Amino acid sequence: MYSSLKSKNPSVYYFLQVLLYTTLLAGSLIMLLPFAWMLSSSFKAQKDVFNFPIEWIPGEIHPENYKTIWTQIPLVRYFSNTIKLTAIITVIQLLTSSFAAYAFAKLEFKGRNQLFLLYIMTIAIPWQVYMVPQYIMMSKFGLTNSHLGLILMHTFTAFGVFLIRQFYMGIPNDLLEAARIDGLSEYGIWAKIMLPLSKPAIATLCITSFVNEWNDFMGPLIYLSDDKLKTLQLGLRLFIGQFSADYQLIMAASIISLIPVFIMFISVQKYFVEGVATTGMKG
Amino acid sequence: MSKTNTVSAAPKKVNYARRKNLVAYSFILPNFIGFVCLTLIPIAFSFVLSVCEWDAGNASAVTFVGLNNFKKMISDSTFLISIKNTAYYSIGVVPCTLALSLLLAMLMNCNLKGRTFFRAVIFFPYVASLVAVAVVWNALFHPDSGPVNQLLTALGVQNPPRWAASTVWAMPTLILLSIWKNVGYYTVVYLAALQGIPRELREAATIDGANAFQRFKSITWPMVTPTTFFVTIMLTIYTFKVFDIMYITTQGGPGRSTNVLVYHIYNKAFISLQFGYASTLSIVLFAIVLVITLLQFRVEKKFTSYL
């Protein structure tokens, strides 16, 4: 419709184009400026953080802020805890979800529909509804204040099963029949056909799980009281509480905590967007 | 094995079906055990706990109290305030996020260069950690020295709002932060829906002489109605289970002005250790989510009957 307008009424067309780009650029600025300010403040001296008008490029540059924070908080430990949790949860979730998803998508068995309905129904129930009894049960088994408790809590999600099942549904049954005739067991089909074919779904689940774990705050807040076990977000929050006036240090630590997600986001943006779009469409 | 060889064909078929079932169950089992123990049982358990009193986590002190917890709840002023605050937050966040994300998605669905760039920029706050994002917001909206208030003062505003430090402005500040952080996610959802609308529909309408508003009203809006329902449900549920933003920025304050339902549950369960009462509050959250979902499904049926 734009192209027809372009030939019919070029001045209106160009006006609309300018309006479109101006609006989107203004929107992008609103999204980006807080991050830009964060980055520039992280290089400032404490007294310059709140200078107004804002100095986007600081007069005195203090890169040593980035050195100081490593000595002020056990960032390395927080990082390694978060990486460990994220990696373990993502891998186990992927395996058990895709395993269950195969049965739900491609195998016929008694009670399949009822079981799947049960899974679907719990997706809509927020974790906050059952976090209290779950915590009590975990504490009975001595799993609170441990990484194992958090891992168990986040691994067996109905969402993962649902996401991969949706993808498996699209794989043609003929392919599986042929494999069965060739003598492949169901386990073999899962490992040799389904898993390799579902790389996009796996990538989507991995990224969703990575971002969720990396940014999770409430889970670690409730479960981890031992400082040795704390994750990056929790550590960052503590640091903010202790150094509330040292904005330049807080900003530097925040920037560091954002870098892994930022890199991941830039390099596989396609999967982020596809993940959102497919869950949105299917829902 | 030798036994199956001697029996007739019919039981063999039964055996085959049973074997098939067993294989399928073996696929589901690893996930299912975790799902039952960590999701289903806790959900059931929360109903049981909601009619019990259980303080300080002492197992022997569990006593059945019937509906006492519910009675206590009605006279719990913090609970009532938290419900009011949650509703306020929800009404502030849901319509604005919805409208803004639809608008952004429609703009990005135009013939546009650099769509991937704009999409990435608008989406990024959604994946950025809330703790880090809250740091900047707290500083930007710092009541005395923050750039926002310095700008407002420079523009001649006499007494700029004290944002997160004032009981009146704290919630609007958090609403603004939430919209800013989440709008990109829903923009992507809407963009996918818009790209699914056949081009011919709008082109035909243009040829028939429909203006931009008419095209929106009779084509775009009805075509994205299912997405609108999905987004509304997701957003509403999100606003009712919100916790992190309040905990990280205002700790429910100043006063009780940003104390929301889940924040109250958290306080009762993990600070005052009243597990029974906290479970009663959780049941309220469950009921709210259930009612919202059912209500929206019913309305959706009515409005999407043309599909």
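A residue counts as buried under 20% relative accessible area, as exposed over 50%, and as partly exposed in between. Keep that in mind for B:Gln251, which sits at 41% relative accessibility and so counts as partly exposed. What you're looking at is a predicted model. Let's go through how chain A meets chain B, then how the two domains of chain A meet, and finally a pair of residues with unusual backbone angles.

**Where chain A meets chain B**

- On the chain A side, 85 residues are in contact with chain B, and 88 residues of chain B take part in return.
- Together the two chains bury about 8100 Å² between them, with 79% of that area on carbon and sulfur atoms.
- Which helix gives the most to the side of chain A that touches chain B? That's helix α2 (residues 10-41) of chain A, with 14 residues.
- Sort the residues on that side of chain A by class and you get 63 nonpolar, 17 polar and 5 charged.
- How many salt bridges does the rule find across the interface of chain A and chain B? The count is 0.
- Polar contacts do turn up between chain A and chain B: there are 12 residue pairs, both partners at pLDDT 80 or more.

**Two domains inside chain A**

- The domain assignment splits chain A into domain 1 (2-64) and domain 2 (68-282).
- Their C-alpha centres lie 34 Å apart.
- Where these domains touch, domain 1 of chain A puts in 11 residues and domain 2 of chain A puts in 10.
- The pair buries about 890 Å² between them, 73% of it on carbon and sulfur atoms.
- In domain 1 of chain A, the residues losing the most area to domain 2 are A:Met38, A:Ser42 and A:Gln46, together 51% of what that side buries.
- By class, the side of domain 1 of chain A that touches domain 2 has 6 nonpolar, 3 polar and 2 charged residues.
- Across this domain interface the rule finds 0 salt bridges, along with 1 residue pair in polar contact, both at pLDDT 80 or more.

**Two backbone angles to check out in chain B**

- Some background first: most residues other than glycine have a negative phi.
- B:Trp163 isn't a glycine, yet its phi is positive, near 45°.
- You'll find B:Trp163 in the loop between α7 (147-154) and α8 (170-195) of chain B.
- Is B:Trp163 buried or exposed? Its relative accessibility is 11%, so B:Trp163 counts as buried.
- B:Gln251 isn't a glycine either, and its phi is positive too, about 55°.
- Look for B:Gln251 in the loop between α12 (244-249) and α13 (261-271) of chain B.

Technical notes. Residues are numbered from 1 along each chain as its sequence is written. Chains are lettered from A and ligands numbered from 1 in the order in which they are written. This is a predicted model: local features need pLDDT of at least 70, side-chain atom pairs count only at pLDDT 80 or more; totals for chains, interfaces and linings use all residues. Side-chain values use heavy atoms; hydrogens and water are left out. Contact means heavy atoms within 4.5 Å. Buried area is the accessible area (1.4 Å probe) that two parts lose on being put together, summed over both. A salt bridge is a side-chain nitrogen of Lys or Arg within 4 Å of a carboxyl oxygen of Asp or Glu. A polar contact is a pair of N or O atoms within 3.5 Å; within protein, one must be able to donate a hydrogen and the other to accept it, and residues adjacent in sequence count only if both atoms are side-chain atoms. Helices (H or I, at least four residues) and strands (E, at least two) are DSSP runs, numbered from the N terminus. Ala, Val, Leu, Ile, Met, Phe, Trp, Tyr, Cys and Pro count as nonpolar, Asp, Glu, Lys and Arg as charged, and the others, Gly among them, as polar. Domain bounds come from an automatic or database domain assignment. Buried means under 20% relative accessible area, exposed over 50%, partly exposed in between (1.4 Å probe, protein chains only).
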